[in-house]
Amino acid sequence: MKIITTIEEMQQTAITLKRLGKRIAFVPTMGFLHEGHASLLRAGRRLGDILVLSIFVNPIQFGQNEDLGRYPRDMEADCRIAAESGVDIVFTPAAAGMYPPGFQTSITVRDLSLPLCGASRPGHFDGVATVVTKLFNICQPDTALFGNKDYQQLAVIRRMTADLSLRVAIVGMPIVREEDGLAMSSRNSYLSPEQLQSALCLSRAIRLVRQRYAGGEHSASILLAAARELILAEPAAVIDYLELRDSASLATVDLVSDSTLFALAVKIGTTRLIDNTVLGDTP
Ligand code: AMP
């Protein structure tokens, strides 16, 4: 497994590999890898001749008062997981290389970036779309894999890829959860054992909404009220948003169907957690 830290070397390596007819599969991450990331890597291993993992804590997708400075990092553990998952190249650029003085270009995916996490984190998806575009240009992937855990991010990237005619196939992967239901996240490392228990209210709300929907309840307001009540019963939880939206357009819905997305963001202490489900998908 090769570790590349400069944009020039990564881009040159990718161009050379492409000339040799190799298909590149790519998994962009912010590191502190867990089983969710590993599931993307294993799928990527099957989809490409060469598997590239990027680890880059992207400063432009963090707001002023967010956790950029304390975002967890562990390069040694990440390299171990990467090697076990069949990664060929780890690309870890420095922020100064990605955003040199004078940098002033931004990609905006207009409407899909506005609701949900975009409303709570203004500018977040511009930062995501911009870095993913740069990473695509540097790593030259044929296929790129993203998790449904960040559902809106995946929607933004699919739209951007289509709108800008980028020659990369976007693959979405299921959410990997702990046995108790908690969606895996690098940010779970911020939580104390008690907070990890409190955090189960997100996956419980998802289960409740899925059960009530399967039982015939189609009213968005009734389903949201039930989910809200469940989360309000957890004293450590503060709701950022709880929403039912069309899974393609992200427009709000009054009546839910199999193609409705239930998405929520909840703060446990200072840690903001997100989770989601599409009601017609297998959980
Ligand atoms: P991150 O390092 O958090 O930016 O995530 C990198 C990629 O891994 C994104 O495409 C995420 O959606 C995906 N990912 C993170 N957590 C999970 C999870 N629990 N299950 C599946 N994919 C995940």
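**Starting from Ile 3**

Ile 3 stands opposite Val 90 in strand 4. This is a predicted model, in which local features need pLDDT of at least 70, side-chain atom pairs count only at pLDDT 80 or more, and totals for chains, interfaces and linings use all residues. Residues are numbered from 1 along each chain as its sequence is written, and side-chain values use heavy atoms, without hydrogens or water.

Let's place that residue. Ile 3 belongs to strand 1, residues 2-4 (strands are DSSP runs of E with at least two residues, helices runs of H or I with at least four, both numbered from the N terminus). Strand 1 runs parallel to strand 4 (residues 89-91), with 3 bridges between them; two strands count as paired if DSSP finds at least two bridges.

Now widen the view to the sheet. It is open and parallel, with 6 strands in the order 1-4-3-2-5-6. At the edges lie strand 1 and strand 6 (169-173), each pairing on one side only. From one strand to the next, the twist averages 25° (axes are lines fitted to C-alpha atoms, for helices over the stretch in contact, and angles run from 0 to 180 degrees between N-to-C directions).

Helix 1 (residues 7-19) packs on this sheet, touching strand 1, strand 2 (24-29), strand 3 (50-55) and strand 4; contact means heavy atoms within 4.5 Å. The direction of helix 1 makes about 145° with that of strand 4.

Back to where we began: is Ile 3 buried, exposed or in between? Ile 3 counts as partly exposed because its relative accessibility is 44% (buried is under 20%, exposed over 50%, partly exposed in between, with a 1.4 Å probe and protein chains only).
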